[in-house]
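Visitor: Before the questions start, please put the structure up where both of us can see it.

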Amino acid sequence: MGIFNLTKLGSSPEAFTEISKSLLLAGYSIRFNAVGDSMLPLIRDGDLVIVEAIKTDRLRNGEIVYYQNDQGHCLLHRIIRQRTITGRLELQVQADNNLKPDGWISVEQVMGRLNRFCRNGEWVCLESFGSRTAALLILVQQRLNLNKYDRFRSNRQILRFLPGICRLF
């Protein structure tokens with residue numbers, strides 16, 4: 001399917017959520033500019049991102065998903081753990097730049113997965129070996145430091161090199 005460019009949509013956050021949700025559920029990919037610093041150092045404010053529709057049974061730890069939280073906002077955050085409760089799959093998500101997880105979400109809240117992003121005219125594909133290695137490093141660090149918030153911020157200097165690692169392979 002095609003990619004819809006939502007970068008110049010200029011609508012309210014609620015309308016953007018509904019439009020992106022409809023397109024992803026129909027199987028299309030969407031392109032828009034990331035807003036905020038929650039996924040630093042990998043994704044910066046203003047980076048162009050492409051989110052693809054995905055079947056929720058194919059989600060893996062370490063992947064960055066596009067989901068709607070309980071307040072109705074759409075976010076791009078990383079899956080750090082999965083669990084099944086009464087036959088329902090739930091995901092624990094966390095922003096790379098946050099000290100603690102956002103909490104558990106149901107797979108029904110997930111609309112898509114980050115496929116690639118563009119910074120300064122250079123595309124970084126998250127399916128490459130380097131990107132998967134970088135995601136694994138972030139995931140390991142987040143899991144090891146899940147209950148050690150004070151040390152997490154001081155020990156994350158290596159994370160600033162991750163965009164470069166993604167481009168190496």
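**Fold and surface**

Guide: From the N terminus on, the elements of the protein chain follow the order β-α-β-β-β-β-β-β-β-β-α-α-α. The model is a predicted one.

Visitor: How many helices and strands are there in the protein chain?

Guide: The order of elements is β-α-β-β-β-β-β-β-β-β-α-α-α, with α for a helix and β for a strand. The count for the protein chain is 4 helices and 9 strands.

Visitor: Among contacts between residues at least 6 apart in sequence, what percentage joins residues at least 24 apart?

Guide: The protein chain has 169 residues, of which 44% count as buried. Of the contacts between residues at least 6 apart in sequence, the share that joins residues at least 24 apart is 56%.

Visitor: What part of the accessible surface belongs to carbon and sulfur atoms?

Guide: The accessible surface of the protein chain comes to about 9,100 Å². The part that belongs to carbon and sulfur atoms is 52%.

Visitor: Which residues make the nonpolar surface patch of about 280 Å²?

Guide: One member, Val 140, is found in helix H2, residues 129-144. Val 140 has a relative accessible area of 40%, so it is partly exposed. The patch of about 280 Å² is made by Leu 136, Val 140 and Leu 144.

**Helix H1**

Visitor: What span should helix H1 have at 1.5 Å a residue?

Guide: Helix H1 covers residues 13-25, which makes 13 residues. Its end C-alpha atoms are 18 Å apart, in agreement with the expected span of 18 Å.

Visitor: Within what arc do the buried residues of H1 fall, seen down the axis?

Guide: The buried residues in H1 are Phe 16, Thr 17, Ser 20, Leu 23 and Leu 24. They line one face of the helix, because seen down the axis they fall within an arc of 140 degrees.

Visitor: Which strands are included in what covers the buried residues of H1?

Guide: The face of H1 turned away from its buried side carries the exposed residues Glu 14 and Leu 25. The cover over the buried residues of H1 includes strands S1 (3-5), S2 (29-33), S3 (48-52), S4 (64-68), S5 (74-85) and S8 (110-119).

**Backbone and loops**

Visitor: Which residue just after H1 takes a positive phi?

Guide: The phi in question is about 95 degrees. The residue that takes it, just after H1, is Gly 27.

Visitor: Which two residues does a cis peptide bond join?

Guide: Omega at this bond is about 5 degrees. Pro 41 is found in the loop between S2 and S3. The cis bond joins Leu 40 and Pro 41.

Visitor: Is Thr 86 buried or exposed?

Guide: Thr 86 is found in the loop between S5 and strand S6 (88-94). Its phi is positive, about 45 degrees, although Thr 86 is not a glycine. The relative accessible area of Thr 86 is 79%, and the cut-off is over 50%, so Thr 86 is exposed.

Visitor: What is the relative accessibility of Asn 120?

Guide: Asn 120 sits in the loop between S8 and strand S9 (122-125). Phi of Asn 120 is near 55 degrees, a positive value in a residue other than glycine. Asn 120 counts as exposed, because its relative accessibility is 76%.

Visitor: What distance separates the C-alpha atoms of Arg 81 and Val 93?

Guide: Arg 81 lies in strand S5 and is partly exposed, with a relative accessible area of 27%. Arg 81 and Val 93 are 12 residues apart along the chain, and their C-alpha atoms are separated by 7.3 Å.

Note on methods. Residues numbered from 1 in each chain as written. Predicted model: local features only at pLDDT ≥ 70, side-chain atom pairs only at ≥ 80, totals over all residues. Heavy atoms only, no water. Patch = residues over 30% accessible without salt bridge, like charges linked within 9 Å, V, L, I, M, F, W, Y side chains within 5 Å. Areas by Shrake-Rupley, 256 points an atom, 1.4 Å probe, with all protein chains shown as cover. Salt bridge = Lys/Arg side-chain N within 4 Å of Asp/Glu carboxyl O. Helix = DSSP H or I, 4+ residues; strand = E, 2+ residues; numbered from the N terminus. Buried < 20%, exposed > 50% of the residue type's maximum accessible area, 1.4 Å probe, protein only. Expected span 1.5 Å × (residues − 1). Arc of directions from axis to C-beta. Contact = heavy atoms within 4.5 Å.
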